[in-house]
Amino acid sequence: LKFFIYTISLIILLMLPIYATARILLPEWLKSQITTNLPNNSVIQFGEIKTNASLGLSISSLFFENKSKSFSIIFKGLFFFPNFSVNKPATFSVNEIEVFSNKNKIKFLKLEGSVLFDKDFKKENLILSGDFKSLNSDEKNIISNISKISFILKGIFSEEKDLNFRADNM
């Protein structure tokens with residue numbers, strides 16, 4: 001019994017500095033990784049980034065703009081939660097996403113989903129899958145009276161991108 005208690009105590013003493021370092025360094029490391037992998041003529045601005053006790057991330061706002069394609073996205077209230085799964089390493093939720101393209105504006109509300117990998121673990125095989133509550137534009141409510149809209153976005157980092165929506169009823 002003493003051996004077990006000492007072993008657990010030693011593990012805790014060794015893990016606490018690693019955990020604390022991860023909580024401190026994770027936001028800046030994430031910013032640098034995203035910034036270095038941006039497409040050409042792109043800009044990104046981060047709001048406040050915080051980590052929580054489970055090493056999840058909370059990003060108050062995130063602005064992305066691709067100047068060459070006249071395209072921008074604003075994320076408000078973005079949260080990532082790690083999972084102990086190889087194929088599904090994280091889940092996310094976003095309070096609001098605004099997409100601007102040319103003179104069009106589309107707003108997605110209450111997104112929840114998962115980060116998945118198809119086949120091997122290359123960024124080209126990254127998939128975002130989830131649900132959202134509503135989809136609006138400046139002119140009108142594009143999709144309404146639907147309890148849940150599901151989406152799958154494949155090929156985020158590859159040349160071919162595939163976006164699928166599914167609604168239970170319309």
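Q: Helices (H or I, at least four residues) and strands (E, at least two) are DSSP runs, numbered from the N terminus; how many of each does the protein chain have?
A: Heads-up: this is a predicted model, where local features need pLDDT of at least 70 and side-chain atom pairs count only at pLDDT 80 or more, while totals for chains, interfaces and linings use all residues. Residues are numbered from 1 along each chain as its sequence is written, and side-chain values use heavy atoms, with hydrogens and water left out. Starting at the N terminus, the order of elements is α-β-β-β-β-β-β-β-β-β-β-β. The tally for the protein chain is one helix and eleven strands.

Q: Why does Glu96 count as buried?
A: Glu96 sits in strand E5, which covers residues 90–101. Buried means under 20% relative accessible area (exposed is over 50%, partly exposed in between; 1.4 Å probe, protein chains only). Glu96 makes the cut because its relative accessibility is 16%.

Q: Which residues is Glu96 in contact with, leaving aside its neighbours within four places in sequence?
A: Contact here means heavy atoms within 4.5 Å. With those neighbours set aside, the partners of Glu96 are Ile74, Phe75, Lys76, Lys107, Phe108 and Leu109.

Q: What share of the 170 residues in the protein chain is buried?
A: The protein chain exposes about 11,800 Å² (Shrake-Rupley method, 1.4 Å probe), with carbon and sulfur atoms supplying 60% of that area. Of the contacts between residues at least 6 apart in sequence, 36% join residues at least 24 apart. As for buried residues, their share of the 170 is 28%.
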